[in-house]
Every structure is written in structure tokens, then in C-alpha cells.
Amino acid sequence: MFAYYLDLALRSLKQNRVLTALMVLAMGLGIGASMTTLTVFHLLSGDPLPGRSGQLFYPQVDPTPTAAPALPGNMNYIDAVNLWQARRADRQAIMVGGNVKTKAAQAGSRPMSLHTLATTADFFPMFGVRFTQGNAWTAADDLAKARVAVISRSASDRLFHGEGGLGQSIRLGQWNFRVIGVIDDWRPTPHFYELDRESYGDGDEVFIPFLTSRDLAELGITGYSLNCYGNTMDDLHLENQPCLWLNFWVELDSPAKAQAYRQFLDNYAREQQALGRYVQAGSPRTALPSVMQWLDQNGVVPSDVSLKSWIALGFLLVCLMNTTGLLLVKFLRRTTEISVRRALGASRQQIFLQCLVEAVIVGMAGGVLGLLLALAGLWGIRHTPADYADLAHLDLPMFAATFAISLVVSLVAGLLPAWRACHIAPALQLKVI
Amino acid sequence: MTLHPMISALRRHKAGVVLIALQIALTLAIVCNAVFIIGQRIERVNRPTGLDENNLFLISQQWVGAPSGDDPASVDKLDSLQQADLAALRALPDVASVTPINSLPLLNSSWNGSVSLQPGKDLRAGNARTTFYFSDEQVLSTLGLHLVAGRAFTAADVQHQAMRDQREPSIVILTKALADKLFPKGDALGKVVYFNGDPAPTTIIGLVERMQVPAVGSWTSSFTWYATLAPTRLNANFSRYAIRAKPGRLDAAMHAVTPTLYATNRMRVLDDDSIKSFAQIRADAYRADVGMAILMGVVCLILLAVTAAGIVGLTSFWVGQRHRQIGVRRALGARKIDILHYFQIENLVIASVGAVIGLLLAIGLNLLLMHRFEMDRLPVAYVLAGIVAVLALGQGAVFVPARRASNVPPVVATRAA
């Protein structure tokens, strides 16, 4: 039966090519525009570490004198180190980035500016970073302020021309570091653990122990956003300055532990109030957002992107109504044909299905056109200067979603016209013939 | 012609009428807001920076192996490197003037702080936020800024200090906007202000008409025109020079600077990005806005085309369906023009209903966008223009099918349907 409906639908579509082309074009434009923007939205609002992000949290405390409506997005040195040394979470790491002039240590190599992250040993296991060679440094290396570094594969390619570089030395500023590990290129999207750099930028390329970076303050790794809430004397040695510049992430493997950590943060803040370090009165202000809450709180998805998604959805809605109208015209034009089929014994249900098949064919054709338009749109986005530009590719779920959306849209568009068509009274029409 | 028969005819086509009206309504809502967004973006892109942007370009360069410390010897060494560059650039035949500067309007790299009328006020408690431009006595002529009061910097005013040195300048030139914000009575000239919570006073010696801050992001909207010019050469292992070429000699000057700088000192990094004309800086800064405006424009055009196609499709169907009735009307004495008018008025009625719903939707959508995306309130003029546009669109789209209807001959009435 289905084959017969298909045949009927194709014949009917061929009969009025202009109308069919109009419908396919409208569907294609609507789907193309919305898939382009939705793909970008999906990429930018995605989970940076699927499966792991639920256990990662960003503790927030407020050492500033004036209570701003939002809690500070970074920590000062003292709080970060206190919380890191308390070791109340399953894993915890301090991190702060900077661009550092780096070169391979042997003479004659070319210097380049690399995204460098100063962090602590738990960073790698906590975020599930995969090593291709060597290992991370240990907690003991952290405390010993060891001059060791982990580099990304692309950094190793650039610094050592594809020879790995494990065990070799690299020169950051004027200091040598021994490479003890090479990681697979790692670019969580969004770049959640350090949003002050571009939210969708490249991954970090060189990793060194945090305390070592403080030892060598002239490296200038002080983050991408230095926010001071008092008068500062020195903006390189930030240990005792009233400045917020560090990121601190913890891993808490169960909700009970997360609850316990919230309690711990509250107690910590109270203790700091008692010590006079926190001058705000009243109950302490702390928070422990998870990765997705943290991204949401920071409004990571650029507002232009969500604005475009809304516009594209409105556009799809107009195209849907347009297609509904044109399908209605198409079906009602064929009242005679439908009456004959009804008179020959086709049930209402069969007419209804036949019409829906026709609508779905239009929808699928529109979906294919939309897919091509979306690919063209994404190609266009890849050639814009946005920091997420090179991410704009259609992945498998969005590819499937394109056809799911076309199917749903065409069914919705076909529903009303098909309903009207199957309620045509055959007798009245046959009399006219 | 009375509307009564038309309305009762439309009642028999409820689904089609509702669909067209809703489509027009949604189109109106989206197009009004999209055009408003386009207008806002264009306005943003076209606002003047306060600079004379023609014949202006910027060099950003780095020295290799230059000292990195903040001790006086290192700072003096860095300053002598910078002075050598300035002298070499100023000697070029195509160059009118050169000034060292830490940033330029629209160049997304800024140095911001606070300015206060009292000493020692910390950053947040200042009277205004401001952005700092550190430069020398040639800044006004090089950038083409208009001095509206007071005097310009002289060579004797110019100091130099390390980039990380926290000392504030002893004299400054402010933009008029910032001066008026601090001293609403307009008597800023000669007054004293305090920067970044510093206890040392700074005297205002001049006012410039207008100068934008470097960043263009929405976070700067509270201090877009609050710039402070300081007579200070900043010393670091990199430097920026703004250069005004002689009229018409921009390309020649831009080509001449690289060999000149290398001849002065080989140990530096200069690449393709190092030399940028101000036109390029402007294009880079506003590319996203221009892109958004173009996208919105395309969406509007396609939307209008789709809606017009829908109207043509449905009206053509109605014409076909009423073929016989039209014949009867013609046989009973209706002129061609009456039939044409019938369909035109019918469309006007539907489009008007759609426009009224669209008006409400447009305002609703605008409220939603205001709530979520820091949009401004949609001016009524945009909605009215939108209504006129969709009514015109409807009339344009209905014309072809309506003309076909008016060409139905009266003899059709005598034939069986």
C-alpha cells in the first residue's frame, strides 16, 4: 500500500512542478537556516567533558570588601592555596594561564608564544587528559617547585619537529624546563576551566607546576583577567595582593561529597571572617556550581549566536506555515481525484495517509536542500573571525537531527491539509463531474 | 463594494485565511525586529571614533633580547630603543607625524582604570571609569584629535616609565565627555583628579572633543567616550607607533616602515599583522556586527519572498476554485476592474488582520529580545514602516492571480463547471 501512496504522491508532485518547487524551497530555506544556527548553538552550548563534567565543581568565595551582586569569578592566591592544601575534595587543582615565549632549549631554535597553563598535579587525572608519552608531575613535584613541563602534541610538533621531545628541555622566558609528558591535543569546548581567555579558543599547549610559576614570577603567568579589589603595589608578585586571578576546580564523585564540600566552603568562609580576612559581615557568601552551571552563569554562548538561533526558529515557523498553506491548496485542488478514490472504496484513513506521504516527500526533499544550505552556511561561518569559527562542522547528531526536524515539520505541515482532504464529501464532488 | 459578501466568502476558506494572516503576522514581527537590529548595528559601526582615520596606520612590534626588568638601567635601555625607532620613522619622507601609543580606538587591547575627585578612593569607588592612552607630544596631530580647550602636551611634558610602574601622570588631557561627567559645570580645565586610587593629584590641562575607548564589546558601554591621554612613553619589550602618512602617501609609508625599522635595529619581531592601516583595524573590530547585519538582511529578504510566494499560491488556488463564480459575476455586469478589486481588497483585509496580529507579535518579540539580549525598545516608526511593507507585499503578490481572475470571460458562466 505504501508503495502505491508513494507512486501517487510522486505523480501528484510532478503534476504541478512550480508549486512543488516552491514548497521544497520554502522547507529547504527554513531548515537550512535553522540547522546552521542550531549547529553552532549546539556546538557552543555543549558539554565540554561528557561523562565527567557532573563531578566537577568550581568553588566560589568572596574576599572582596563590597558585596557585588555576583560572586567573584576568580580566587586570590591565599584562598586558592588554602583550599588546595585542605584537600577536602577527591581531586583539586589551581590553574592560571598566560602567553609565554617558549623555545626548544638547543641553540638556534625559533621562539614562539604558546598558551601556557600553570596548574597543579591533579589537573590531568581530574579532567581525564590523555598522555601519549610520559606522565604528569606528582604532588611532590608541585611542592618542590620542580622545573618540569607537560606539552601538547601540537606544541611538541612545533618545538621539536615531530620528534616527541620527551626528556628534552624547553626554555620558557629565561628558564629551562624538562619535558616529562606529552598529551594528546586537548581542546574542551567551551574552554570551561579558563573562560577569561577565549571561551572557544585552542587548548593550552604547555603545562607547568603552579608553584614553580610563582617562583619564576617574571614569566608573567597572571591569567587573562586580573581583577584587583584594593590598591596594589606590584602586579607580578600577586601572592599578597588583593587581586582575583586564579581558577580553582574540584572533583567530587558523589552528591553527598558535593554537599559536604559546600558545608566545608561555608565553614572556611566563616573562619576567614573570624580571622578578619573577609571583611563582609553577615553569613558567608559561597557557591559551588558544576561545569554546566558555571558555563550558564558566565553566559558563555555569545548572545549573537542565541539571537540568530531565535531568528532562525521564527523563520522555520514561517516556512512551516507557508508549506501548510501550499499543501492545502494542492490537496484541495485534487478534490475530484480524492472523491473518485473515496467512491471506489478508499477509507478516510487511507486518504489521510496518502496525503501525509506526499507531505513527507516534500519534507524530505526540503531536508536534503536544507542540509546543503546548512553545509554552505557552516562553511560561511568557518570563514568568519569568531573564535569558534573553526569548530563549525555538522556532526552526526546534527546530521540526524536535520532529517528528524524535516520529518516532524513536514508531518505537522501536512496534518491540517490531509485532515481537510480526507473530509471531502465524495458524492457532492462526483455530481459535478 | 460592500465587504459583507467578501467576508462570508472568506468564512468558507478559514484554514487558508488563518494561515496567510498568521504568516504575514510572523513575517512582520521578525522583519521589524531584524531591520531594527540591522539599523542598530549600522549605527554602531558608523559612529566616529574622534580620530581622523584617513592616512593613519599602526605598527605593533617586539624587540628580541631586550631587557625585561624594571630597574632604571633596563627602562632607560628600552626607552632609547623606542626613541631610536621614533626618530627613524619621523625622518621618513612620506610620514607626517608619529606618536608612540599603547593602543588605539577599535583595537581590542585596552588599559582601563578609574578616575576620582578625591585621593585614595579605591577602584570601584571612583567617579568614572576611563581608558588610558599613553603617548607623547605628537599625539593630537598624529591621531587628528580636536583640542577644544586648554593646551596640548609639549615635549617638556613627556615622561617615560616602565609599563608595570604604577605612578600616575601629573598632567592629562581628557575627552570632553569624561570632563563633563566629572565636572558637570564645564569647568574641568585646570582642576585636579586622582587616578586608580592613587594619592598623587593629576591636573587636567586640555580637553579633546571626542575619542573612543579601544574595546568595542558591550562591557565598555558605560565609558565608551571616557578616554584619558597621558604624556608618557611606556617602556616594555614591545611598542606601538601610530603614524600619520602625508595625504595620499599611506601605501608608500606603510611599505617604507619595515625596512626602516629593521635598519634601525635588526633584533625585533615584525610580521604581517604588525602593520595595520586604521581602515583594517576598523574592519576587524566591526566584522561581527557587519556580518550580523548582512545575515539579518538576507533573512528578511528570504522571509518576504517566502511569504509572497505563499500568498501567490493560495490566491491562485482561490481564483481557480471560483472560476465559475467569477464568470457569473462578469455575465451579470461586473467589470474586469471590479473582479481585480475584489481580490485586491480581499488580500488587503487578510493582510490587515495579519498586520494587527503582527504588530502585537513584533512588540512581544522585541520585549523578549530586550529581556534576553540587551536590545533597545523598538521605535514605533519601524513597526509602521513594517506594516506598510507587508501590505504592499500582499498587494504585489496578489496582483498576478487577481489579474488572471479579471481575465476570466463571462461566457464561463454558461459552461458546466
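**View 1. The loop of chain A that holds A:Pro190.** A:Pro190 sits in the loop that runs between strand S8 (175–183) and strand S9 (206–209) of chain A, where helices (H or I, at least four residues) and strands (E, at least two) are DSSP runs numbered from the N terminus. The peptide bond that leads from A:Thr189 to A:Pro190 is cis, with omega near -5°. Most peptide bonds are trans. This is a predicted model, in which local features need pLDDT of at least 70 and side-chain atom pairs count only at pLDDT 80 or more, while totals for chains, interfaces and linings use all residues. Residues are numbered from 1 along each chain as its sequence is written, and chains are lettered from A and ligands numbered from 1 in the order in which they are written.

**View 2. A:Arg87, in a loop of chain A, has a positive phi.** A:Arg87 is found in the loop between helix H3 (77–86) and strand S3 (91–104) of chain A, and its phi is near 50°. Because A:Arg87 has 12 C-beta neighbours inside 10 Å, this residue counts as exposed (with C-beta atoms placed from the backbone, 12 or fewer others within 10 Å means exposed, 20 or more means buried, and partly exposed lies in between).

**View 3. B:Leu106, in a loop of chain B, has a positive phi.** The phi of B:Leu106, a residue other than glycine, is near 75°, and B:Leu106 belongs to the loop between strand S2 (95–100) and strand S3 (112–116) of chain B. With 20 C-beta neighbours inside 10 Å, B:Leu106 counts as buried.
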